[in-house]
Amino acid sequence: MSPVAIAIIGIVVMLVLMFLRMPVGFAMGFAGFLGMAYFVSAKAAFHMLSADVWGEFWSYGLSVIPLFILMGEITFHSGISISLYNAAYKWLGRLPGGIAITTILASTGFAAVCGSNSATAATMGTIALPEMKKYNYDKALSAGCVASGGTLGVLIPPSVVLIVIGLQTEQSIAKLFVGSIFPGLILAVLFVITILVLCRRNPALGPAGPSFSFKEMVASLPGVVAILVLFLFVISGLYLGWFTPTEAGAAGAFGAIVIALVMRKLTWQKFKDALIETLPISCMVMVLVTGAVMFGRFLTVTRLPFMVADWASALPIPNVAILACIFIVYLIGGCIMDALGFLVVTIPIFFPLAMALGYDPVWYGVAICLVTSMGAITPPVGVCAYVVAGIDKSIPIQTIFKGVTYFLVAYVFCIAIVTAFPQIILFLPGLR
């Protein structure tokens, strides 16, 4: 049997295991183990199993994952996010659609210290949905802006998805982080523009909220300043080389604890809750990475990724057309399975292809993070949509998916902008 046929059978086995509800990380590891045993030898497969599992979980580089997750969990459980929302609400709530705009801007701020789309959606949904219901906001718009704003959690650094991309492709996590800042902000602005256009065309979708005095508006800013300082401390330290990504995660987690204590928002129980929530999320991501490494090893020995890259690069069509096909595959994949799981499955195949086409690895990493985050709101597996459904059970899931369609246009525009102007991503990393 040819190496290509063996590789394809391995991919099919992995997909079958996933559809049988085996966790993605285990499905990748199991398929990679069986494929290596058949293609090379059982001894090689067992060596890969022992070496890769131990090597990945023992890896110093992977410790960045629980540290950044802990930083986000501290800010979430301590309630710092409420300060962000209150500040944005007092400045913008009086505009048509102002509470929805507030939700997007607060999500942007919280994403800068969180790194998780589901946590961002859950936090903002708990705060914003009752407020929008109070002012008779359209249910679809309310749910759509919360779910879509949640996706900023994996695009604006620090991002667990960008960490996984950096680990899998052996890129600088610091460069991926700073490269994603402008795309994340552009996407947030496009979300705000979407709300403004919708509410100006139909003011009933998002009636204006109350006005506040200038004194009240200024008094709301200290919480925003604290989050901004933490974000700038972590990103500047990475960018200027003060500390490594792992050290940045430790500094960010420590900074979040200090800020929460100074603001008197952190109790011992909340600290324990943050630690408890950090553990399963970190283990899930690390198992995904380990399974992806094992499956990637198997695909590498079959040389399928390199054959695909050689074949695609020789096609008589523009490289951007091939890139568009890759993005479409990611979008479809995100519609049918967990977006992060699909990402780690496909990186061993599509990353060599993108490099063969001549795309910059940092640009490609941020671009696929952007496309992957879109999968968090697309049916039928849009995790952020289901988070919103869990928060407010009075909003049907069909209404939530209707609401996120308003924001999918913004995603398409953002992807088109960073593709047409790659320096949007590459400018800041290029200054280092």
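Which backbone oxygen does the side chain of Ser78 reach at 2.7 Å? The backbone oxygen belongs to Ile74, and the views below start from the whole chain before coming back to this serine. Please keep in mind that this is a predicted model, in which local features need pLDDT of at least 70 and side-chain atom pairs count only at pLDDT 80 or more, while totals for chains, interfaces and linings use all residues. Residues are numbered from 1 along each chain as its sequence is written, and side-chain values use heavy atoms, with hydrogens and water left out.

**Figure 1. The protein chain has 22 helices and zero strands.** The radius of gyration is 22 Å, close to the 22 Å of the globule rule for 432 residues, so the chain is as compact as a globular protein of that length. (This radius is taken over C-alpha atoms, and the rule is 2.2 Å times the number of residues to the power 0.38.) Helices (H or I, at least four residues) and strands (E, at least two) are DSSP runs, numbered from the N terminus. Along its principal axes, the C-alpha trace spans about 75 × 45 × 45 Å. Buried residues make up 55% of the 432; buried means under 20% relative accessible area, exposed over 50%, and partly exposed in between, with a 1.4 Å probe and protein chains only.

**Figure 2. Ser78 sits in the loop between helix H4 (64-77) and helix H5 (80-92).** With 3% relative accessibility, Ser78 counts as buried. Besides the backbone oxygen of Ile74 at 2.7 Å, the side chain of Ser78 reaches the backbone oxygen of Thr75 at 3.4 Å. Such a polar contact is a pair of N or O atoms within 3.5 Å; within protein, one must be able to donate a hydrogen and the other to accept it, and residues adjacent in sequence count only if both atoms are side-chain atoms. Leaving aside residues up to four places away in sequence, Ser78 touches Ala260, Lys265, Leu266 and Lys270, where contact means heavy atoms within 4.5 Å.

**Figure 3. Leu141 belongs to helix H8 (residues 139-150).** Its relative accessibility is 0%, so Leu141 counts as buried. Not counting residues up to four places away in sequence, the neighbours that Leu141 touches are Leu198, Cys199, Leu205, Tyr406 and Phe407. Between the C-alpha atoms of Leu141 and Thr151, 10 residues apart along the chain, the separation is 16 Å.

**Figure 4. Pro158 and Ser159 lie in the loop between H8 and helix H9 (160-169).** Pro157 and Pro158 are joined by a cis peptide bond, with omega about 0°. Ser159 counts as buried, at 0% relative accessibility. A polar atom of the Ser159 side chain lies 2.6 Å from the backbone oxygen of Val154, and one lies 3.2 Å from the backbone nitrogen of Leu162.

**Figure 5. Asn136 and Arg264 each have a positive phi near 60° in a residue other than glycine.** Asn136 is in the loop between helix H7 (117-134) and H8, and it is exposed, with a relative accessible area of 60%. Arg264 is found in the loop between helix H14 (245-262) and helix H15 (268-302). Is Arg264 buried or exposed? With a relative accessible area of 79%, Arg264 is exposed.
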